[in-house]
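Trainee: I have a model open and would like to understand the terms people use when they describe it. Could we go through it together?

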Amino acid sequence: MKSTAVAAMLAMLLAPSAALAQKSGGTPDFTLDPNYGTVNLESGFTPDPYTHSILAGGSIAAAGAKAGCEGSVSAAPDLQVFFEAGELDLTFMVEADEDTTLLINTPNGRWYCDDDGAGGLNPKVQITNPQSGRYDIWVGTYGDDMVQSTLKVSELD
């Protein structure tokens with residue numbers, strides 16, 4: 001009887017940890033509210049680049065969205081960009097003092113990611129002939145570190 005009571009208590013104590021462990025896994029989810037809000041940009045926006053400060057990182061593997069993507073991101077997008085396209089390409093890049101990654105979901109559901117495309121440890125994604133609509137942006141890191149970063153959006157790259 002005593003061992004049954006101990007087993008029941010252990011099950012109750014461990015249940016919250018199992019639930020928390022499940023929440024830390026998963027995939028990036030563009031249906032969640034963005035961590036740092038939304039911005040509306042129309043082709044020809046000024047200033048160019050548009051910049052936004054983001055604390056990069058999280059506990060979700062970016063590869064959960066697209067195989068081969070690097071780093072860890074938050075479950076929710078960091079920023080949603082509603083973009084009205086024109087004739088120019090659209091470029092997203094990140095500047096930080098540590099290694100960061102970039103994950104983007106476009107209006108047509110296509111995923112893009114990059115690790116060091118802007119040179120050094122900074123990522124960059126350039127979208128040729130961008131569509132109008134919502135772009136969900138995640139800025140990731142390696143490991144559990146959260147890193148202060150600046151997301152830049154430009155048509156002039």
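Mentor: Gladly. This is a predicted model, and we can start at N105, which touches F30, R110, W111, R134, Y135, D136 and W138, leaving aside its neighbours within four places in sequence. N105 sits in strand β7, residues 100-105.

Trainee: Why is N105 called buried?

Mentor: Buried means a relative accessible area under 20%. N105 has 4%, so N105 counts as buried.

Trainee: What makes R134 a contact of N105?

Mentor: A contact needs heavy atoms within 4.5 Å. R134 is on the list for N105, and so are Y135, D136 and W138.

Trainee: Then what should we call L55, buried or partly exposed?

Mentor: Partly exposed covers the range between the 20% and 50% cut-offs. L55 has a relative accessible area of 35%, so partly exposed is the right label. L55 belongs to strand β2, and in that strand T51, S53 and L55 make up the uncovered face, while Y50, H52, I54 and A56 make up the covered one.

Trainee: What does L55 touch beyond four places in sequence?

Mentor: Its contacts there are Y36, D78, M146, V147 and Q148. Q148, in β11, also stands opposite L55. As for L151, its C-alpha is 9.9 Å from that of L55, with their positions 96 residues apart in sequence.

Trainee: How do you know that β2 and β11 are paired?

Mentor: Pairing takes at least two bridges between the strands. Seven bridges join β2 to β11 (residues 147-154), and the two run antiparallel, so they qualify as a pair. One of the bridge partnerships is A56 with V147.

Trainee: Which strands share a sheet with these two?

Mentor: The sheet is an open one of four strands, in the order β2-β11-β6-β9, with antiparallel pairing. β2 (50-56) and β9 (124-127) each have a single partner strand, so they stand at the edges and one side of each lacks a neighbour in the sheet. On average, neighbouring strands here are turned by 20 degrees against each other, direction ignored.

Trainee: What makes β6 a partner of both β11 and β9?

Mentor: The same count of bridges decides it: at least two are needed. β6 pairs with β11 over six bridges, in the antiparallel sense, with M93 and K152 as one of the partnerships. Four bridges join β6 to β9, again antiparallel, and L90 stands opposite I127 there.

Trainee: Why is β6 described as largely enclosed?

Mentor: Six of the seven residues of β6 (residues 90-96) are buried, so the rest of the structure largely encloses that strand. For the chain, buried residues make up 39% of the 157 residues.

Trainee: How do you know that C69 and C113 form a disulfide?

Mentor: The two cysteine sulfur atoms must be within 2.5 Å. For C69 and C113 the S to S distance is 2.2 Å, so the pair meets the cut-off. A search of the whole structure finds one disulfide. C69 lies in the loop between β3 (60-61) and β4 (72-73), whereas C113 is in strand β8 (residues 111-114), so the link ties together parts 44 residues apart in sequence.

Trainee: Are these cysteines buried or partly exposed?

Mentor: One of each. C69, at 6% relative accessible area, is buried, while C113, at 26%, is partly exposed. The link is left-handed, with -90 degrees about the S-S bond.

Trainee: What is the secondary structure of the chain?

Mentor: It comes to one helix and eleven strands. Residues 24 or more positions apart account for 77% of the contacts with a separation of 6 or more.

Trainee: Where does pLDDT stay under 50?

Mentor: That happens over residues 1-24, for which the model has three contacts beyond four places in sequence. Where pLDDT is low, the predicted coordinates should not be read in detail. The chain averages a pLDDT of 86, and 83% of the residues score at least 70.

Conventions:
Residues are numbered from 1 along each chain as its sequence is written. This is a predicted model: local features need pLDDT of at least 70, side-chain atom pairs count only at pLDDT 80 or more; totals for chains, interfaces and linings use all residues. Side-chain values use heavy atoms; hydrogens and water are left out. Buried means under 20% relative accessible area, exposed over 50%, partly exposed in between (1.4 Å probe, protein chains only). Axes are lines fitted to C-alpha atoms, for helices over the stretch in contact, and angles run from 0 to 180 degrees between N-to-C directions. pLDDT is the predictor's confidence in each residue, from 0 to 100.
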